[in-house]
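This briefing introduces a structure to a reader who has not met it before. It takes up the ligand site and then the sheet.

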Amino acid sequence: MRAPIETRFPRPSVMGVVNVTPDSFSDGGVNFDPSDAVAAARRMLAEGAAIVDVGGESTRPGADGVGADEELRRVVPVLEALAGDVPVSIDTSKARVASRALELGAELVNDVTALRGDGALAEVVAESGAYVCLMHMQGEPRTMQAEPRYDDVVSEVRSFLEERVRFAVDAGIAEERICLDPGIGFGKTVEHNFELVRRLGELTAVGRPVVVGFSRKSSLGRLLGDPSATTGSVAASVGAAVAAYQRGATILRAHDVREHVEALTAARAVLA
Ligand code: 9MG
């Protein structure tokens with residue numbers, strides 16, 4: 001029986017990003033070789049990550065999906081090498097991939113579709129007792145940045161997340177194992193992303209821990225003056241993570257774990 005997610009991941013916890021993909025914008029290809037991915041995951045743990053998020057399918061804007069066989073081919077060697085040593089989250093929307101990852105010791109399923117992508121995933125999560133992250137996305141990765149539109153981004157994201165919590169609980173997933181994520185950069189403009197963090201209290205009010213992933217995202221590069229940026233700097237990422245923590249985020253998803261852990265440790269001490 002797992003502890004409630006807020007006990008397992010106290011505020012602030014850092015989730016390290018390990019993309020086993022050839023084509024992510026932020027770290028495209030650096031961990032595509034399984035031995036590089038394993039080394040990166042171990043380094044992140046040593047630097048203070050509470051968990052590492054291993055993914056075999058890019059969700060960057062414009063990305064095409066990959067099939068379950070290819071996703072498994074990418075992540076399974078990494079999960080096998082980390083099993084038992086490093087706490088792992090599996091970044092997938094596919095039931096088959098999640099199921100294999102959970103057999104290999106993953107404890108959290110990070111689903112950017114919030115259980116809308118694969119009708120079998122909710123049951124896999126419910127039966128395993130794993131933690132799950134339900135993320136908001138408008139559209140799908142291939143087209144989501146074309147023209148994101150909201151009347152009020154925060155209330156629409158909040159309503160969506162409330163509905164997905166009800167769906168997950170109805171599917172047998174214990175509410176205490178669910179965390180939520182506004183989906184920074186997933187069908188949102190620069191201003192939508194900043195407004196979501198500015199008004200994060202309206203999302204924490206749903207009653208579940210909130211994950212924020214601003215790390216290296218293009219909104220940060222655009223904020224700093226490059227209108228066609230596809231990534232953001234480490235310093236800007238850390239600044240956004242600290243702001244998100246201050247507004248109530250529990251888990252910060254980040255590529256540069258040491259810098260995030262140091263900054264969040266200082267922020268926590270100052271704000272305590
Ligand atoms: C897979 N992935 C990429 N960005 C993400 C984010 O901001 N949150 C979560 N939960 N997953 C993400």
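**Ligand site and sheet**

The shell around the ligand comprises four nonpolar, three polar and four charged residues. The model is a predicted one. Within it, the ligand takes up the space of the largest pocket.

**Residues around the ligand**

- The residues that surround the ligand are Thr59, Asp91, Asn110, Val112, Cys133, Met135, Asp181, Phe186, Gly213, Lys217 and Arg253.

**Polar contacts and cover**

- In the side chain of Asp181, an N or O atom is 2.7 Å from a nitrogen atom of the ligand.
- In the side chain of Lys217, an N or O atom is 2.7 Å from an oxygen atom of the ligand.
- Gly213 takes part through its backbone: a polar backbone atom of this residue is 3.3 Å from an oxygen atom of the ligand.
- On its own, the ligand has 310 Å² of accessible area, and the protein covers 95% of that area.

**The sheet**

- Eight strands form an open sheet with parallel pairing, in the order S6-S5-S4-S3-S2-S1-S8-S7.
- Strand S6 (178–181) and strand S7 (211–212) are the edge strands, each of which pairs on one side only.
- S7 runs parallel to strand S8 (residues 251–254), and two bridges join them.
- Opposite Val211 stands Ile251 in S8.

**Where the two topics meet**

- Asp181, one of the residues around the ligand, falls within the range of edge strand S6 (178–181).
- Arg253, also among the residues around the ligand, falls within the range of strand S8 (residues 251–254).

Definitions and conventions:
Residues are numbered from 1 along each chain as its sequence is written. This is a predicted model: local features need pLDDT of at least 70, side-chain atom pairs count only at pLDDT 80 or more; totals for chains, interfaces and linings use all residues. Side-chain values use heavy atoms; hydrogens and water are left out. A residue is near a molecule or strand if one of its heavy atoms lies within 4 Å of it. A polar contact is a pair of N or O atoms within 3.5 Å; within protein, one must be able to donate a hydrogen and the other to accept it, and residues adjacent in sequence count only if both atoms are side-chain atoms. Accessible areas come from the Shrake-Rupley method with a 1.4 Å probe; for residues, only the protein chains shown count as cover. On a 1 Å grid over the protein atoms alone, a cavity is a set of points where a 1.4 Å probe fits but cannot get out, and a pocket is an open set with protein on both sides within 12 Å along at least five of seven lines; lining residues have an atom within 4 Å of a point. A molecule sits in a cavity or pocket if more than half of its atoms lie within 2 Å of its grid points. Ala, Val, Leu, Ile, Met, Phe, Trp, Tyr, Cys and Pro count as nonpolar, Asp, Glu, Lys and Arg as charged, and the others, Gly among them, as polar. Two strands pair if DSSP finds at least two bridges between them. Helices (H or I, at least four residues) and strands (E, at least two) are DSSP runs, numbered from the N terminus.
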